Amino acid sequence: LAVCSYGALYTLLPGLDLDAKQSYRLDRSIAIARTKALATESGIDTSGWGEVVRQNNNARIGFLLYEYPDTPGKNLVASSRLLVRLNNPRTGQRFSADFLPSGRVVGYQYQPHKGDNALKDLSDSNEEADDPSGKNVAPDQSANGDVKQIAETAAKKLAGDEWPLFTPLSDDDARKTTGRYAWTATPPGLKMTIQTSVKNGKVQVMALDAVVTPEIAKQYDQSWGRRNRLIGNIANFVIWPAFFLIIIFYFTGIIRRNIPHRVTLQFLAAVFILLLTANYAGTFSEDLRFGTFIGSSKTYYWLELILPWVLVVLLVMVVSFMVYLCWAAGLAFSIREPHRKTISFELLFKGKIWTRQVLRSIFIGFAAGGAIAAAPYLVTGSRLFSNSTVIFNDLGSLVASRYPAYASLATIQLEGILIVFGFLAPLISWFLRRPMLENLLIFLVAFFAMLAERYAIGSMSPMILTSLLETLILFTIYINADLL
């Protein structure tokens, strides 16, 4: 089962995942190297600069490309983008670049001293960056050259074969709305704008902005968006009432002294370390850094570096405490049960890693992980549903991560799984004491909670079938192994 599941995932993901179809040719190191190369071409020395990498999703663009795969201009847009920002810790200088998954550059920006976010909409600011020394002027561009021609040449290079789609905004309109040169294209379903800023004979800012038309946005909201909201609300009816029950029974367990605090606190520490290191391996902290600007001095740079990590630590503490509450409240019901589903965890925290029960649980978990990950791809690949694809929103984030394999641990819905199998399952067993009815109710609760994953997108049918398969796998593991 494990070999077949991981083999199916490896085979089906490139052709069925909406993001993977975009032919990823970038990872974090390649994107950083290419950004540094762009900066060097512009005459900017980025030696010793720090780097931040961020991935942005645009579900509406993804919907457009899925529903209308032959739309003109499709090579200039994607459902995700990779943004790289280089920071000079001494002066506050920044150089940013924006890439499509294919590796195509769709924007770059040099900021000598200003504190705008990388690749922001150029219409948000009418200030031009200053470079009084002129030392960053590219040697092949004259500071007194034809500014408009320089801007148009750069725009043509960015657009490539799609350049015939674009028409220039009039000079008056450009100065009135953005203060810069701009070209726009309106193929069916899209509105694209290329905006440029030239200073001292050099392009300092180039940005391609793309949004779907109101008609496409309405189609998205009436199909994918509406179904996602509906299914998310169904799952919330399981998760949030359960969390209030967790708080009640946690304090009840403390009063009755049914919670083994040593084991639960060890669990809290383990979860905190796991999530914190997984977030370091991933991009969450860097997403926060992209939105943080305090000032241009070296002191402010270090504040910008530290402040997001303070927020990450606080958020990880909150999530870890929520997971801890699920675990502790569930133990309050099952601690006196000889065949409780937490024994492997308890043995693990006692250092008895090499016991048969712990090793068996770990092996089953790794073996079944491939089946859970492959479920949406198997449903879509079965061709049972004509309008179905797979969206794994964390794929682009993993590509941008420092250590993708370890960062994937942060994508697991740990709190949802523990709410169902760590708390609700023992609660149901404690109240009912009827195995068949217990198992049926646990399965139904797990199914509604798994609907929140909604990886298989299309009609309701593939989403429901995917959730059924994932629930069946998790339920089988819970019944035949345990929570670990």
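Trp163 is tucked away in this predicted model: its relative accessibility is 16%, so Trp163 counts as buried, the cut-off being under 20%. Phe166 is buried too, at 7% relative accessibility. The two rings form a stacked aromatic pair, with 5.9 Å from centre to centre and 20° between the planes. Here's a quick tour of the rest, starting with the chain as a whole.

**The chain overall**
- The protein chain has 16 helices and 10 strands.
- It runs to 484 residues, and buried residues make up 50% of them.
- Take the contacts with a separation of 6 or more: 69% of them come from residues 24 or more positions apart.
- About 23500 Å² of the protein chain is exposed, and carbon and sulfur atoms supply 61% of that area.

**Aromatic rings**
- A pair of aromatic rings is described by two things, the distance of the centres and the angle of the planes.
- There are 11 aromatic pairs in the structure, and Trp163 with Phe166 is a stacked one, since the 20° between the planes is under the 30 degrees that stacking calls for.
- Phe443 and Phe475 also pair up, but edge-to-face: their centres are 5.7 Å apart and their planes sit at 90°.
- What does that pair tie together? Phe443 lies in helix H15 (residues 435-450) and Phe475 in helix H16 (residues 460-480), so the pair links parts that are 32 residues apart in sequence.
- Phe475 counts as buried, with a relative accessibility of 13%.
- Elsewhere, Tyr250, Phe251, Phe321 and Tyr324 come together as one aromatic cluster.

**A closer look at helix H15**
- H15 has 16 residues, which at 1.5 Å a residue should span 22 Å; the span counts one less than the number of residues.
- The end C-alpha atoms of H15 are indeed 22 Å apart, so the expected span and the model agree.
- Which residues of H15 are buried? They are Glu438, Ile442, Phe443, Val445, Ala446, Phe447, Ala449 and Met450.
- That list includes Phe443, the H15 partner in the edge-to-face pair with Phe475.

**A nonpolar patch on the surface**
- Trp302, Ile306, Leu307, Val310, Leu311, Leu314 and Met317 form a nonpolar patch on the surface.
- Together these residues have about 630 Å² of accessible area.
- One of them, Met317, lies in helix H9 (residues 298-334).
- Is Met317 buried or exposed? Neither quite fits: its relative accessible area is 44%, which lies between the 20% and 50% cut-offs, so Met317 is partly exposed.

Technical notes
Residues numbered from 1 in each chain as written. Predicted model: local features only at pLDDT ≥ 70, side-chain atom pairs only at ≥ 80, totals over all residues. Heavy atoms only, no water. Phe/Tyr/Trp six-rings, centres within 6.5 Å; stacked < 30°, edge-to-face > 60°. Buried < 20%, exposed > 50% of the residue type's maximum accessible area, 1.4 Å probe, protein only. Helix = DSSP H or I, 4+ residues; strand = E, 2+ residues; numbered from the N terminus. Patch = residues over 30% accessible without salt bridge, like charges linked within 9 Å, V, L, I, M, F, W, Y side chains within 5 Å. Areas by Shrake-Rupley, 256 points an atom, 1.4 Å probe, with all protein chains shown as cover. Salt bridge = Lys/Arg side-chain N within 4 Å of Asp/Glu carboxyl O. Contact = heavy atoms within 4.5 Å.
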